[in-house]
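Colleague: I am new to this structure and would be grateful for a close look at one part of it. Could you choose a single buried charged residue and describe its setting, then relate it to other parts of the chain?

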Amino acid sequence: MNQKKETKESSVTSNYLEEEKAQKELRELKTTVLVGIVVALAFAFMSVVNTYKHSDMLFSTAFGAVSLLIASTAAWLTRKKHVGTALMAVTTAVIFSWYAIVGGNEGFAILWILLVPGVSMLAFGFREGIVLSIYFAVFLSALFYTPLQQSVRYDYGEIFMFRFPLLYCVDMLVSLIGFRMMNRFQTENQNYKLQLLSYNDDLKKEVKKQTIKVENFSRQLISALAKTIDAKDRYTNGHSERVAKYAKMIAAAMGKDILEQEKIYNIGMLHDIGKIGISGEIINKTTKLTDEEYNIIKTHPLIGADILENISEIPEIAIGARWHHERYDGKGYPDSLKGKDIPEIARIIGVADAYDAMASNRSYRKELPQDVVRKEIEKGKGTQFDPEIADVMLKLIDEDKDYHMRECAAS
């Protein structure tokens, strides 16, 4: 069972990482598409300006506008960032190559090529960025150091043509080192997150383990107290546990959730704890109680409530102890509560308690037949019992055709 839980928790961690990765990829895709569209619009505007100026840069700006729109659309439709970044890298290569050849903006446009290594690795990813960077290193070297320099339309000057490819290569190397350092930092950060998640999982497991221990201890303690109560009355051995069981069955039939059922069960286990304060001679008396003795017996709900009311972890635990002898018609004790003024938990336990009193052996009689018990529950509807809860109990009785809900069957 624990192995299954650990496997499930590992699966939750794995799913979390996969979901985080998917969300990151989606964010990067949206960013790529958005940047592509914005830059395409900027190129479209520049194309209009270049048209009026009859600039040699019209080809590059028009090409950029169309190509970037195509790249953004392709990336969004395929849901693959690399499709868009690859097309954008090709577009960048064509545009800046054209800038280098024609000397756009009187030669200053070529200076933007120095941004290609760093920006392309960040924007397009390492693979596309390094390919684009190497392309320009080769392109500039070939364009400025070979006879291809005759194709250059703008006179850059010999010093510029000699130094710029070298400067670009240094810039590319620095960008590569910087990207690697950033990538290493991101990897370490991801590993730290994984370690943190693993630590959190271990912590959750330990908390669950300790919680289970506490719950088991609480359950065992409640059971021990209930047995202590029942041990005082040799004629009602197991009474508290049976009442708790019947109360839980009623709660389940009423549609209560598991947590509510467990709570009612625990409250039912301790409903008679006040009998600890009553003399064993009175509790085990086989003859009729005197009025004085009966009045002493009637104090056990208050004694029980006084014992339990300071247990803050289960605030309602004193409810069953104090009010399980209240009657729906207001003639019960100790507070003569009536109808819905009696807490529902107490009304449920009251029915369960009365049922077990009839379906188990007592000092003054044997357990009653099932049909007699049923008639008494039916008779007490609206007077002793909440009629709705009594109807639920009657339904459980009708389903128990072999009369398993009784002391002899339980033992």
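Modeller: Arg242 has a relative accessibility of 8% and counts as buried (under 20% relative accessible area is buried, over 50% exposed, and in between partly exposed, with a 1.4 Å probe and protein chains only). The model is a predicted one, in which local features need pLDDT of at least 70 and side-chain atom pairs count only at pLDDT 80 or more, while totals for chains, interfaces and linings use all residues. Residues are numbered from 1 along each chain as its sequence is written, and side-chain values use heavy atoms, with hydrogens and water left out.

The partner of Arg242 is Asp356, with which Arg242 forms a salt bridge whose closest N and O atoms are 2.6 Å apart (a side-chain nitrogen of Lys or Arg within 4 Å of a carboxyl oxygen of Asp or Glu). This pair joins distant parts of the chain, as Arg242 belongs to helix α7 (residues 239-253) and Asp356 to helix α13 (residues 344-358), 114 residues apart. Helices here are DSSP runs of H or I with at least four residues, strands are E runs with at least two, and both are numbered from the N terminus. Asp356 is buried as well, with a relative accessible area of 0%.

A further stretch of chain reaches this site. Met405 is 163 residues from Arg242 in sequence, yet the two C-alpha atoms are 8.6 Å apart in space. Met405 lies in the loop between α15 (387-399) and α16 (407-410), and this residue is buried, with a relative accessible area of 7%. Leaving aside residues up to four places away in sequence, Met405 touches Tyr246, Met249, Tyr355, Ala359, Met393, Leu396 and Asp400 (contact means heavy atoms within 4.5 Å). The same loop, between α15 and α16, holds Tyr403, whose phi is near 55 degrees, a positive value in a residue other than glycine. Tyr403 is buried, with a relative accessible area of 10%.

The helix that carries Arg242 also packs against a neighbour. The axes of α7 and helix α8 (residues 258-269) are 8 Å apart and make an angle of about 155 degrees; axes are lines fitted to C-alpha atoms, for helices over the stretch in contact, and angles run from 0 to 180 degrees between N-to-C directions. The two helices, α7 and α8, are therefore roughly antiparallel (over 145 degrees; under 35 is roughly parallel, 65 to 115 roughly perpendicular and the rest oblique). Their crossing, α7 with α8, is right-handed, the near helix being turned clockwise from the far one by less than a right angle. On the α7 side the contact is made by Ser240, Glu241, Val243, Ala244, Lys245, Ala247, Lys248, Ala251 and Ala252, and on the α8 side by Gln261, Glu262, Ile264, Tyr265, Gly268 and Met269. Sorted by class, the contact of α7 with α8 has eight nonpolar, three polar and four charged residues; Ala, Val, Leu, Ile, Met, Phe, Trp, Tyr, Cys and Pro count as nonpolar, Asp, Glu, Lys and Arg as charged, and the others, Gly among them, as polar.

Another helix pair offers a parallel case. Helix α3 (residues 81-102) and helix α4 (residues 116-124) have axes that come within 10 Å and cross at roughly 160 degrees, which makes α3 roughly antiparallel to α4. The crossing of α3 past α4 is right-handed. Lys81, Thr85, Met88, Ala89, Thr92 and Phe96 of α3 meet Val116, Ala123 and Phe124 of α4, giving by class six nonpolar, two polar and one charged residues.

Other salt bridges can be set beside that of Arg242, for the whole structure has 16 of them. Glu378 and Arg374 form one, with the closest N and O atoms 3.7 Å apart. These two residues, Glu378 and Arg374, are four residues apart in helix α14 (residues 370-379), a separation of about one helical turn. Glu378 is partly exposed at 35% relative accessibility, and Arg374 is partly exposed at 28%. Through shared partners, salt bridges join Arg374, Glu378, Lys381, Asp391 and Asp398 into one network. In another pair, Arg127 forms a salt bridge with Glu128, the closest N and O atoms being 3.8 Å apart; Arg127 is exposed at 53% relative accessible area, whereas Glu128 is buried at 9%.

Finally, the loop between α12 (317-323) and α13 contains Pro334, and the peptide bond from Tyr333 to Pro334 is cis, with omega near 15 degrees. Ser336 is also placed in the loop between α12 and α13, with a positive phi of about 55 degrees although this residue is not a glycine. Ser336 is partly exposed, with a relative accessible area of 45%.
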